Amino acid sequence: MKILDSIFNKISQGVEDRKNDFHTMNFSNFQDTKVSSRCVILRKFDLKNKLLFFNTDIRSPKISSIQKFPETHCLFYSFLDKIQLRISTYSSVHYNDDLTDAEWENTSVSSRKCYMTRNCPSEILDECDDGIPKNLKGKVPSLEESERGKQNFAVVKNEILAIDWLYLSSTGHQRALYEFLGNQVTKKWLAP
């Protein structure tokens with residue numbers, strides 16, 4: 001399981017190092033009769049339970065879509081390592097619970113500002129506006145001010161069901177599929 005250990009190590013590094021290619025992942029889900037994808041920041045990885053976490057605004061359209069269609073996908077690509085991870089996941093939304101309380105406490109005050117917008121994500125506007133209160137334009141809110149954002153803060157938990165690993169190399173590409181069921185892991189080699 002040397003490859004799988006390496007995969008988990010790279011995902012763990014992505015949580016800790018914001019310059020790491022694995023810090024940002026593409027999250028895809030079924031929304032409004034089509035697949036929708038967006039980049040999100042990997043905030044936490046629970047190796048034991050095979051869980052990936054990212055934060056989001058509870059007002060985002062993806063929330064109701066995840067609740068309706070929890071089968072999702074997370075995609076990572078490292079330019080440095082030439083590794084792609086296509087991860088099949090089962091997602092759940094957490095809001096106003098112990099998980100969101102803990103993650104909110106770990107969220108920097110400057111990041112909390114993102115949840116203080118007056119507009120819902122994807123809302124149509126008459127003119128370009130980020131929705132940040134005028135008194136906070138260009139500055140970091142105080143800890144007390146940032147607490148207003150908590151009402152819009154949610155966490156998406158993604159249970160890893162399978163990982164499709166692809167390594168690109170001029171000496172020969174390699175590809176493997178890891179499937180998880182409880183504590184069981186199966187590995188299959190695939191044609192790249």
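Accessible areas here come from the Shrake-Rupley method with a 1.4 Å probe; for residues, only the protein chains shown count as cover. The model is predicted: local features need pLDDT of at least 70, side-chain atom pairs count only at pLDDT 80 or more, and totals for chains, interfaces and linings use all residues. Residues are numbered from 1 along each chain as its sequence is written, and side-chain values use heavy atoms, with hydrogens and water left out.

**Exercise 1. Describe the whole chain.**
Task: State how much area the protein chain exposes, and which elements the chain has.

Solution.
- Step 1: The protein chain exposes about 11300 Å². Carbon and sulfur atoms supply 51% of that area.
- Step 2: Buried means under 20% relative accessible area, exposed over 50%, and partly exposed in between (1.4 Å probe, protein chains only). Of the 192 residues, 42% count as buried.
- Step 3: Helices (H or I, at least four residues) and strands (E, at least two) are DSSP runs, numbered from the N terminus. The chain has 5 helices and 9 strands. Their order from the N terminus is α-β-β-β-β-α-β-β-α-α-α-β-β-β.
- Step 4: The C-alpha atoms fill a box of roughly 55 × 35 × 35 Å, taken along the principal axes.

**Exercise 2. Follow a buried charge.**
Task: Find what surrounds the side chain of Arg-38.

Solution.
- Step 1: Place the residue. Arg-38 is in strand β2 (residues 34-41).
- Step 2: Look for a salt bridge (a side-chain nitrogen of Lys or Arg within 4 Å of a carboxyl oxygen of Asp or Glu). Arg-38 is buried yet has none. The nearest side chain of opposite charge, Asp-32, is 8.6 Å away. For charge, Lys and Arg count as positive and Asp and Glu as negative; His and the chain ends are not counted.
- Step 3: Look for polar contacts (N or O atoms within 3.5 Å; within protein, one must be able to donate a hydrogen and the other to accept it, and residues adjacent in sequence count only if both atoms are side-chain atoms). The side chains of Arg-38 and Asn-29 share one of 2.7 Å. A polar atom of the Arg-38 side chain also lies 3.2 Å from the backbone oxygen of Ser-36.
- Step 4: List neighbours by contact (heavy atoms within 4.5 Å). Leaving out residues up to four places away in sequence, Arg-38 touches residues including Met-25, Phe-27 and Lys-62.
- Step 5: Move to Lys-62. This residue is buried in helix α2 (residues 61-68), as are Ile-63, Ser-65 and Ile-66. The buried residues of α2 pack against β1 (24-31), β2, β4 (51-57), β6 (83-94) and β7 (153-167).

**Exercise 3. Trace salt bridges along the chain.**
Task: Which parts of the chain does the salt bridge between Asp-81 and Lys-10 tie together?

Solution.
- Step 1: Recall the principle. Side chains of opposite charge can pair when their charged atoms come close.
- Step 2: Check the distance. The closest N and O atoms of Asp-81 and Lys-10 are 3.1 Å apart.
- Step 3: Place both ends. Asp-81 lies in the loop between β5 (71-78) and β6, and Lys-10 in helix α1 (residues 2-16), so the pair ties together parts 71 residues apart in sequence.
- Step 4: Check exposure. Asp-81 is partly exposed at 25%, while Lys-10 is buried at 16%.
- Step 5: Try another pair. Lys-44 and Glu-103 meet in a salt bridge of 3.7 Å, N to O. Lys-44 is in strand β3 (residues 44-46) and Glu-103 in helix α3 (residues 98-106), 59 residues apart.
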